[in-house]
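This report goes through one protein chain, from its contacts and strands to a bent helix and a disulfide. The sequence and structure come next.

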Amino acid sequence: MRTRLLLGGLAITLVVAGCGSDVPSRTPSPDPAAITVASANFSESETLAEIYAQVLERNGYKVRRALDLASREVVEPALEQGVVDLTPEYLGTILAFVDPKASAARLDQAGMHARLKTALGRKGIDVLTPAPAANQNGLAVTRVTARRLRLTKVSELVPLAGSLVLGGPPECPERPFCLPGFASTYGLRFKEFRPLDSGGPRTIAALEGNEIGVGVLFTSDGTLGGPDPDIVLLDDDRHLQPSENVVPVVRRAVVRRHGAKFVALLDRVSAQLQTADLIALNRAVDIDATSPARAAAGWLRAHGF
């Protein structure tokens with residue numbers, strides 16, 4: 001798969017084949033000292049990337065943005081190849097991506113972090129300190145459906161799944177904590193899977209319009225933050241989902257270039273990120289139509305950066 005990335009004035013062709021990739025071709029950067037901060041193609045990733053990018057800019061670092069690139073299948077190889085330098089990730093999902101055997105192990109947060117540092121360290125990528133904020137995959141239904149079918153937890157879907165359409169991110173059938181995990185951990189066999197978006201407005205709209213019966217949403221989705229939400233998250237009662245704390249991953253060459261103060265600054269930001277902040281940020285961006293850049297700036301001001 002050949003993906004064309006436009007990073008400011010930098011044009012890059014990244015070739016991705018399965019989990020491997022070729023070295024990208026690129027034109028010379030107008031400012032090779034700039035740190036390229038990347039995000040995946042969903043709003044929370046973009047907002048988090050903006051938080052880290054803006055705090056770096058406010059502290060004198062030169063930053064270039066590569067936002068809304070695509071899925072992890074594009075972003076991680078771009079990081080590995082030096083096309084981008086920093087991206088916010090999620091502990092369990094990135095570990096399963098770079099170390100598939102780890103997805104079968106039940107590791108606590110510290111164990112996952114240590115294993116991720118080893119796996120990405122071999123690729124020249126450093127893993128910084130995880131934030132308290134976390135965002136797992138979750139299964140959600142409308143409040144009406146939850147009441148009608150008396151649903152509060154995922155296991156209660158087992159006798160019903162064959163008559164229900166599941167909607168979610170296009171990558172869900174290949175992700176170990178999405179469709180394969182729902183099948184292996186819960187025995188869920190849905191009537192159909194409909195590819196939509198990564199926990200975004202298309203999935204919400206499909207749920208509310210009864211186009212799907214169950215949707216894969218993020219547990220930090222903005223629709224879950226209201227006093228009487230129309231969308232209900234089902235409890236992951238068999239604990240399929242691993243710890244998914246937000247964690248910045250950075251090319252080691254960049255860490256070495258900028259040193260301990262650079263790492264300490266990013267760690268200080270991560271330390272103040274809570275799950276409630278993610279829900280509020282997502283509500284601002286996805287529901288109130290605030291731009292990710294503006295939402296990020298507001299969060300940084302409120303937290304003294």
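Contact here means heavy atoms within 4.5 Å. With residues up to four places away in sequence left aside, Ser45 touches Ser39, Ala40, Pro88 and Tyr90. The model is predicted.

**The chain as a whole**

The secondary structure of the protein chain amounts to 10 helices and 14 strands. Of its 305 residues, 55% count as buried. Among contacts with a separation of 6 or more, 73% come from residues 24 or more positions apart. The exposed surface of the protein chain is about 13300 Å², and carbon and sulfur atoms supply 51% of this area.

**Ser45 and strand β7**

Ser45 lies in helix α1. Is Ser45 buried or exposed? Its relative accessibility is 2%, so Ser45 counts as buried, the cut-off for buried being under 20%. Ser45 and Thr87 are 42 residues apart along the chain, yet their C-alpha atoms are separated by 8.5 Å.

Thr87 belongs to β7, where Thr87 and Glu89 point one way and Leu86, Pro88 and Tyr90 the other. In a regular strand the side chains alternate between the two faces of the sheet. Both sets in β7 are buried, and the strand is mostly covered, with 5 of its 5 residues buried. Two of these residues, Pro88 and Tyr90, are among those that Ser45 touches. β7 also pairs with β14 in the antiparallel sense, over 5 bridges. Within that pairing, Leu86 has Val250 of β14 as its bridge partner.

**Strand β12 and its neighbours**

Why is strand β12 (residues 214-218) largely enclosed by the rest of the structure? The reason is that 5 of its 5 residues are buried. Val214, Val216 and Phe218 lie on one side and Gly215 and Leu217 on the other, and both faces are covered.

β12 pairs with two strands, listed below with one bridge from each pairing.

| Strand paired with β12 | Sense | Bridges | One residue pair |
|---|---|---|---|
| β9 (residues 137-142) | antiparallel | 4 bridges | Gly138 opposite Leu217 |
| β10 (residues 165-168) | parallel | 2 bridges | Leu166 with Val214 |

The residues of β12 named in the table, Leu217 and Val214, are on opposite sides of the strand, and both are buried.

**The bend in helix α8**

Helix α8 (residues 252-272) has 21 residues, and a straight helix would reach 30 Å at 1.5 Å a residue. The end C-alpha atoms of α8 are only 24 Å apart. At Gly259 the helix bends by about 110°.

Which residues of α8 are buried? They are Val254, Val255, Phe262, Val263, Leu265, Leu266, Val269 and Ser270. Their cover includes the strands β5 (35-38), β7 (86-90), β8 (125-127) and β14 (246-251), together with the helices α1 (43-58) and α10 (292-302). Thus β7 and β14, paired with each other, both appear in the cover of α8, as does α1, the helix of Ser45.

**The disulfide**

How many disulfides does a search of the whole structure find? The search finds 1, and it joins Cys172 to Cys178 with an S to S distance of 2.0 Å. The link of Cys172 and Cys178 is left-handed, with -95° about the S-S bond. Cys172 has a relative accessible area of 1% and is therefore buried. Cys178, with 2%, is buried as well.

Conventions
Residues numbered from 1 in each chain as written. Predicted model: local features only at pLDDT ≥ 70, side-chain atom pairs only at ≥ 80, totals over all residues. Heavy atoms only, no water. Disulfide = S-S within 2.5 Å. Buried < 20%, exposed > 50% of the residue type's maximum accessible area, 1.4 Å probe, protein only. Pairing = 2+ DSSP bridges. Expected span 1.5 Å × (residues − 1). Bend = angle between axes of the 7 residues up to and from the residue. Areas by Shrake-Rupley, 256 points an atom, 1.4 Å probe, with all protein chains shown as cover.
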